[in-house]
Structures are given as C-alpha cells and as structure tokens.
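Reader: Please give me a close look at a single part of this structure, and explain each technical term when it first appears. I am in my first year, and I should like to see how the pieces of that part fit together.

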Amino acid sequence: MLLYKDEYQCWLENAVEDDLHSLLRKMSQEEIEDAFYKNLAFGTGGLRGTIGAGTNRMNVYTVAKASQGLADYLVKKFSRPSVVIGFDSRIKSDVFARTAASVFAANGVLTHLWPHLNPVPTVSFAVRYLSASAGIMITASHNPSKYNGYKVYGEDGCQITTKAAAEILGEIEKLDIFIDVKRLDFDAAVSEGKITYISEDVLTAFIENVKNQSVLFGEKVNRDASIVYSPLNGTGLIPVTRTLKEMGYTNITLVEEQRLPDGAFPTCPYPNPEIREAMALGLEYARRCNADLLLATDPDCDRVGIAVKDDRGEYVLLSGNETGLLLLDYICSQRAKHHKMPDNPVMVKTIVTMDLAERIAADYGVRTVNVLTGFKYIGEQIGFLEQAKKTDSFVFGFEESYGYLSGSYVRDKDAVAGAFLICEMFSYYAAHGSSIWEKLQELFSRYGYCLNTLHSYEFDGPAGFEKMKNIMRRFHEEAGPGKTLASLGGKKILKVLDYNQGLDGLPKSDVLKYLLEDNCSAVIRPSGTEPKLKVYISVSAKTKAEAQEVERKVVGDVERVLR
Ligand SMILES: O=P(O)(O)OC[C@H]1O[C@H](O)[C@H](O)[C@@H](O)[C@@H]1O
C-alpha cells in the first residue's frame, strides 16, 4: 500500500507534463486517496484505468513507467528488440502511443508505430508480420470514455501470458516513476529512424488475410445486402468498409454520428456492442433504411455486435453467443461441404461461453478446447497448434463477449473479419432462401433452446474492491450442494467448479461455476478489466419464456448474496 499523501506530494513537485499539474491541484481528498492508494495494476491485460493524475490512473507517467519496465524486459530477452505500437480513438490514446514510443526509442527498442488509429487485430498482425518482439495497443477497448489502457502482446502476436506479465511487472516495480524512465524527444527519434511509421502495405496485408477467411470456396452469392455499419466512433471505419467493399459489399450506410473517431463517445457512453444503448442509433438507421443487417464494432474493433430481422421483419440484436454459434456452424458446414475441413479440427472457446457450441462442433467432428476468460487464451491455443505444426487445425475461436476469430493470421479477436464473415453468412443464407434468424431457430430446434445472459455489478474504488472480495468469499462459503444456498432459481446445484484451485489443467483463476440441474449453469467472477462482478447464466428450457422465468429466479438468488 502506498502512503498516498506522500505520493501525492511527490507528484505535485514532479508531474509537470501534459495537463497533470493543474489536475493535481484541483483534487479533493477523496480523489487523492483513490488516485494514489495503489499503482495501476499491471497484469496479463496490461494496464487499464481511468485517465487522470496519480499512480492509479492512466497518464503519461504511468504509461512511460510501464514502457520502461517492458523495454528493460525486452532488452534482456532479445538481442535486437523491437515493438509495434497501435492506438485507438480514445482520449489521449495518440499521446500515450507517442509517449511509449519515446521511451522504447530511448532504450534501443526499435519502434514501429501505426501512423493513424487502427484496430487491435492490426497490432497483433503487425507484430508477427514485422517479426517484432512485442506489441502495444493503447486502448481501453469497450469501456466508457473516462478509461484508457495499455494492452501488451508477445512476439507470437498474443496478449502476454501470466508469466511474462509477472516478469514485466517485476521490472516495472524496480523503477522510480520520475527518476528511472528514459525518454527521447519524439520527433528527434523519428528523424533518427529509432521510431518508424508502419507502412500502408502492412494494413493491406492484414486486409488480404481477412478476405482469405471467406468460406464460400467459389460459391456464388449475391452481395447486395443492405448493411448499416457503425464504428461507434472508434477505429473500424477504414478497415471494415474497405474489406467489405473489396469483397463486393457496397450497399453500406454509415451511422453518421458514430462514423468519425471521437474518444468522448458522444452518442453512447458505453461504446460496447454488448450493451443495447450502443446499438440504439444503429437500429434507428437500420429501420429507416430497411437494412438487412446492422453491424457495430467497438472502439478498438475487436468486438462486433449485430442485429438481423426476425420472421416478422422486426430487428433483433443477437448475443455474442448466438452470433458465435452461427459463425461456427456456418464455417464448419462450408468446410465440410467443400472438403476443406482440416485434419483434427479444433474450436476454442472460453468457460463462460455457451456450452452448446461444443455440441455443434462435435457434430462436425471438431474438438473443443475450453479456456479461461480472455481471448489471449484462445490465441495461446493457436500458438500451441503452431508449435505442433498444426496451425491449420484451428477452425474457429469465440467468446460470449462478441469476439470471433477464424484464422491464425492474428492471435486476438478480429472484428474486421467478424464483420465480413457475418455479411458473407447473410448472403449465403439469402442465396439459399433462408436467413441468419431462421438458421438460429433451426439450431435451437435441433439442439434445444438455451438462454445465456450476463449481469454485471459495479464496485468502484477501494471500498468497492473490498466488497467484491467479500462477496466472492460468501459465494465460496455459502453456495454449493448441502450448503445454505443449495440451489439457484429453484435448480439444484449439482457441482461447483472452483477454478481458484486450478481445474482441467487451466491456470488458477477466481471463477466459480455452478452446474445446475437440467443443463443450467451460473458462473461468477470478478472482471479483470473493470471494477465489476460478472455473473453469466445459462438456462436450457423448452421455450424462451420458460428459460426467461428460470433465469430471472437465478438472478434473484444471486443478487441476494450480492446484497
Ligand atoms: O470480463 P473482463 O475480465 O472484464 O474482460 C472483458 C473481456 O475482455 C476481453 O475482451 C477478453 O477477451 C474477454 O474474454 C473478456 O470477456
């Protein structure tokens, strides 16, 4: 625990850059405590926090210190270390990208910087394409505008593992934030060639890889789908529209208010396609133009949300699980039909993603690997396949949180490819007199209806953090067979999977999964990226109404423990 008042004093004397000094002077006691009571956590997700002055905030000093630690790690590990840096449309993302570049350059780490904002998958791609030792993406993904973050990629293009994160953190912790960080002048480093801008050819190579994800294998479809697309004021505009147009999808209407990059996200405070409000304006556009398909990508363009028309012509938003099931089924069926299914095919999903996917995959002879929450674990599995010279076995990876990937060209979720494959899937079903909605109903009638929901509960600040820990403890102590809470929503708890003990060969993680009667389940875990507890509920039932009723009761029981 830092002595927050001393830290604050030290920052008042030393933090002269950017707008920090004036911010520091305006802070209340409560704000000072929250901004200085700890260092912003550096973990496998890198850094993520609110923008502002303090050790527990995202600012040029915390970014520079993390970069110095990472540079020290890279210099020890590589004889000619290099790094790729990308950034999104968030407040200060470009400033933090330049700050990080200046630190790497000062430490002899050759820096490849994207010259303009770009999606997360382009960083993962460029790391491998340019044979860099690491990658950085300045983004807080889908969080509200007050957040920013610093995602770190290894030389395999995958977000860093727990071991690498611990080693980097070890380096960061040795540093004094004001004394030990080396930095060059940005413009001087560019003219000396220590920082180079990534050329457009790399973006083109990325887009070519995305286009290669097509699974039509020569089948002709009509590409006149009327598409409404929103980049939610983030990075998707250029790569998504370029890919769609180059693949023949030209009937695209952009959501004008969300077209251009804007880190304030003026039309949707939570620029997350998981959240209904983020899709609201897109839905208005879709209704107005009678569009076939609505697509929205989050600010760093690794998630994509969609709406399609149901059998009454009404727009429905599909969940990440539903879109994932559909893409999995589409990709597998096309591969099977065209004899393109690789040997020993593999699908990877996380333990909080719909288990029904496993049955669909099995019907195509595809093996499922379940990993912990976080797309990095899906990327890691592709890496394992690569080491075994079986990269082609990877057929699809997805998460309930709207992340999809069908190839090995990147090792993080890719909403550019996701958006494109969704359009292709639409066209394919249209060519066969069907629709995405009908296909989903077909899957449910074949495998049984299954409702999957996510509920998040915010716990801000140090007090919130403690409260969240206590709640997790209560779930450990009170819920399970033979305990005070022996059932959830009237469904008996049959088994508790406690991932904190390390299960199924997975790394230890603070996650509890309750397997309930009748093929239902509930998973509880603290978010790794926001001060939230997340509860994932899965209910199998004969009808949607029945499933909703059970789901409501499960939520009620969970919330009683939360209170
Ligand atoms: O649930 P959190 O730890 O906040 O992470 C939120 C999400 O972050 C990334 O998008 C990961 O790939 C997802 O797996 C995860 O669901």
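Author: The C-alpha centres of domain 2 and domain 3 lie 27 Å apart; the bounds of such domains come from an automatic or database domain assignment. For this chain the assignment gives domain 1 (4–198), domain 2 (208–447) and domain 3 (449–562). Between domain 2 and domain 3, 13 residues of the former are in contact with 13 of the latter, where contact denotes C-beta atoms, placed from the backbone, within 7 Å of each other. The model is a predicted one, in which local features need a pLDDT of at least 70 and side-chain atom pairs count only at pLDDT 80 or more, while totals for chains, interfaces and linings use all residues. Residues are numbered from 1 along each chain as its sequence is written.

The UniProt record, in an unreviewed entry, places the feature "domain: Alpha-D-phosphohexomutase alpha/beta/alpha" at residues 41–175, 205–312 and 320–447; such annotations use the numbering adopted here, with shortened feature names, and may be inferred rather than shown by experiment. Over residues 205–312 the chain is 29% helix and 17% strand, with its end C-alpha atoms 41 Å apart. Helices (H or I, at least four residues) and strands (E, at least two) are DSSP runs, numbered from the N terminus.

The part chosen for a close look is a sheet. This open sheet has five strands in the order 8-7-9-10-11, with mixed pairing; two strands pair if DSSP finds at least two bridges between them. At its edges are strand 8 (252–254) and strand 11 (315–318), each of which pairs on one side only. On average, neighbouring strands of the sheet are turned by 25 degrees against each other, direction ignored. Such angles are taken between axes, which are lines fitted to C-alpha atoms (for helices, over the stretch in contact), and they run from 0 to 180 degrees between N-to-C directions.

Consider now the succession from strand 9 to strand 11. Strand 9 and strand 10 run antiparallel and are joined by five bridges; in one of these pairings, Thr297 has Val304 of strand 10 as its bridge partner. The hairpin of strand 9 and strand 10 has six residues between the strands, and Cys301 takes a positive phi near 55 degrees there. Strand 10 (residues 304–309) then runs antiparallel to strand 11, with four bridges between them. Here Ile306 has Leu318 as its bridge partner, and Ala307 has Leu317. In this second hairpin, which has five residues between the strands, Gly313 takes a positive phi near 85 degrees. For comparison, most residues other than glycine have a negative phi.

Strand 10 is largely enclosed by the rest of the structure, because five of its six residues are buried. A residue is buried if 20 or more other C-beta atoms lie within 10 Å of its own, exposed if 12 or fewer, and partly exposed in between, with C-beta atoms placed from the backbone.

Helix 15 lies across strand 7 (227–230), strand 9 (293–297) and strand 10, at about 175 degrees to strand 9. Leu295 shows how these elements meet: leaving aside neighbours within four places in sequence, Leu295 is in contact with Ile227, Tyr229, Val304, Ile306, Ala419 and Ile422. Leu295 is also among the residues with the most contacts inside the largest nonpolar core, which has 164 residues. A nonpolar core is a set of buried Ala, Val, Leu, Ile, Met, Phe, Trp, Tyr and Cys residues joined through C-beta atoms within 7 Å.

Helix 10 (residues 237–246) completes the picture. Its buried residues are Leu237, Pro239, Val240, Thr241, Thr243 and Leu244, and they pack against helix 9 (200–211), strand 7, strand 8, strand 9 and helix 15. Just after helix 10, Gly248 takes a positive phi of about 95 degrees. In the loop between strand 7 and helix 10 lies Leu232, whose phi is near 50 degrees, a positive value in a residue other than glycine. Leu232 counts as buried because 32 C-beta neighbours lie inside 10 Å.

A contrast is offered by His339, in the loop between helix 12 (320–337) and strand 12 (346–350). Although not a glycine, His339 has a positive phi of about 55 degrees. With 7 other C-beta atoms within 10 Å, His339 is exposed.

Notes:
Two residues are in contact if their C-beta atoms, placed from the backbone, lie within 7 Å.
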